[in-house]
Structures are given as structure tokens and as C-alpha cells.
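Dear colleague,

I am passing on to you the structure we spoke about, with its sequence, and below it you will find my notes on what turned up. Please read them with the structure open beside you.

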Amino acid sequence: VICELAKPIDRDFKSKAGKGFFKHVFAVPYEETRLAVQLSLPEDYGKTDDFHPVIVALKPVMGLSGSELEDAVAAQASALYGELTETHVVMVVLGPESGEGRKAVSTEIGDSWMSNEGLYAFFTSYRILLEQLRFDRARVVLDGWEGAGGDALRLITSAPSFFSGVIARGGE
């Protein structure tokens with residue numbers, strides 16, 4: 001609890017709380033890597049001392065990039081999580097961002113979350129939770145959409161102390 005209370009609340013997060021999914025880019029310190037995620041915060045995020053449960057979602061490869069990818073993921077996440085966005089922090093990992101400034105484009109990871117690129121993106125996204133968001137560390141669920149369901153099961157067995165549960169919506 002002390003670790004979570006010690007985190008400053010980002011004004012940008014506070015202003016976007018309760019407004020649906022938005023793109024957040026995490027710049028990895030001391031590296032040139034930038035990771036894009038779609039994030040949804042409950043309306044009361046940062047306004048109370050309550051810590052919200054978290055859903056970390058792995059999406060399948062959609063063959064999209066840029067704003068098309070972001071819009072498609074936001075629409076699917078809104079449909080999947082509906083009213084949960086009122087009480088949970090929801091983060092959908094998009095992948096690395098290439099380019100700079102307004103020309104920056106979100107890109108997908110190759111073909112599997114278990115590849116080096118996928119694991120790097122996943123664990124970097126977990127850093128967003130640990131370093132930037134206040135959340136209930138005992139209630140973090142990993143959700144794998146469609147083909148990413150099998151990868152979600154493999155990831156949770158690799159790092160069981162991070163998660164309280166897994167949802168595998170597809171895969172083997």
C-alpha cells in the first residue's frame with residue numbers, strides 16, 4: 001500500500017479517467033524504445049485512496065498499424081470489458097511505437113507474445129503499472145484474446161506472482 005500511495009498521480013491520467021480508452025506511450029528510460037498501450041481508467045482514478053483491480057490484455061495480431069490499430073483495439077476492448085471500465089484499470093498492449101512526434105506510429109508485435117519481441121513488450125507494459133499507475137497489486141488479471149489466449153496461459157505460468165488470474169479467450 002505504501003508503494004502505491006507514494007506514486008504521484010499523473011495529471012494526464014487524472015484528466016482522461018472515465019473517458020474510455022486512450023493511447024498511452026511509455027518511453028523506456030535510457031533506451032530508445034517506446035511502447036504503446038490502450039489504457040482505460042475508472043472515473044474515480046486518483047480522486048480516492050482506493051486501488052483498482054487491473055486487467056492486462058494481450059490482443060491477437062490484427063495486421064494493422066497506427067490509428068487503424070488503435071481504433072480497432074479500443075472498439076474491441078470497449079465491447080469486451082463494457083461496465084468493467086467503470087471499476088477496473090484496463091490496459092491492452094499494442095506494441096512498439098516507431099517514428100517521432102506526430103509521425104509516430106503504433107505497430108504490432110510479430111506473431112507471438114512468447115517471442116523475444118512479444119516478451120519485451122509485455123514486460124515493458126508491466127513496468128507502466130509498476131512505475132506510473134496506482135493499482136491493487138493483489139488483483140491483476142491477464143486476458144488473452146483469441147490466438148493470444150495460449151500465450152496468456154504460458155505467460156502466467158512463467159510469472160505467476162504477477163497475476164491473480166488468467167482469462168484465455170482462445171488458443172489451444
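In which sense do β6 and β7 pair, and over how many bridges? Before I answer, please keep in mind that this is a predicted model. The two strands, β6 and β7, pair in the parallel sense, and they do so over four bridges. Within this part of the structure, aspartate 143 stands opposite isoleucine 167, which belongs to β7. Together with helix α5, the strands β6 and β7 make up a β-α-β unit that is right-handed.

Helix α5 itself covers residues 148–158, and its buried residues are Ala148, Gly149, Gly150, Asp151, Ala152, Leu155 and Ile156. The general rule may help when you look down this helix: an α-helix has 3.6 residues a turn, so residues three or four places apart point the same way. What the buried residues of α5 pack against is a set of four elements, namely β3 (54–58), α4, β6 (140–144) and β7 (165–168).

Turning to the interior, the largest nonpolar core has 32 residues, and those that touch the most other members are Leu41, Val56, Leu58 and Leu133. Two or more residues of this core are given by each of β1 (22–27), β2 (34–40), β3, β4 (89–98), α4, β6 and α5, while the largest share, five residues, comes from α4. For leucine 58, once the neighbours within four places in sequence are set aside, the contacts are Val93, Trp113, Phe122, Leu142, Asp143, Gly144, Trp145, Ala148, Ala152 and Leu155. Apart from the largest core lies another one, of 13 residues, which includes Phe21, Ala74, Ala77 and Trp145.

The aromatic rings deserve a look of their own, since the structure holds eight aromatic pairs. In one of them, the ring centres of phenylalanine 123 and phenylalanine 162 are 6.1 Å apart and the planes stand at 70 degrees, so this pair counts as edge-to-face. Because phenylalanine 123 lies in helix α4 and phenylalanine 162 in the loop between α5 and β7, the pair ties together parts that are 39 residues apart in sequence. Phenylalanine 162 also forms an aromatic pair with tyrosine 126, and this one is stacked, with 4.5 Å from centre to centre and 10 degrees between the planes. Tyrosine 126 is likewise in helix α4, so its pair with phenylalanine 162 ties together parts 36 residues apart in sequence. As for accessibility, phenylalanine 123 is partly exposed, with a relative accessible area of 34%, and phenylalanine 162 is partly exposed at 27%, whereas tyrosine 126 is buried at 6%. Ring pairs link Phe122, Phe123, Tyr126, Phe162 and Phe163 into a cluster.

Finally, I would point you to glutamate 108, which sits in the loop between β5 (105–106) and α4 (116–132). Is this residue buried or exposed? With a relative accessibility of 13%, glutamate 108 counts as buried, because the limit for that class is under 20%. Its side chain makes a polar contact with the side chain of lysine 59, at 2.6 Å, and the side chain of glutamate 108 also reaches the backbone nitrogen of leucine 64, at 3.3 Å. Not counting residues up to four places away in sequence, glutamate 108 touches Lys59, Pro60, Val61, Met62, Gly63, Leu64, Leu69, Leu94, Pro96 and Glu117.

With best wishes

Notes. Residues are numbered from 1 along each chain as its sequence is written. This is a predicted model: local features need pLDDT of at least 70, side-chain atom pairs count only at pLDDT 80 or more; totals for chains, interfaces and linings use all residues. Side-chain values use heavy atoms; hydrogens and water are left out. Buried means under 20% relative accessible area, exposed over 50%, partly exposed in between (1.4 Å probe, protein chains only). A polar contact is a pair of N or O atoms within 3.5 Å; within protein, one must be able to donate a hydrogen and the other to accept it, and residues adjacent in sequence count only if both atoms are side-chain atoms. Contact means heavy atoms within 4.5 Å. A nonpolar core is a set of buried Ala, Val, Leu, Ile, Met, Phe, Trp, Tyr and Cys residues joined through side-chain atoms within 4.5 Å. Rings of Phe, Tyr and Trp (its six-membered ring) pair if their centres lie within 6.5 Å; planes under 30 degrees apart count as stacked, over 60 as edge-to-face and the rest as tilted. Two strands pair if DSSP finds at least two bridges between them. A crossover is right-handed if, with the strands pointing away from the viewer, the path from the first strand over the helix to the second runs clockwise.
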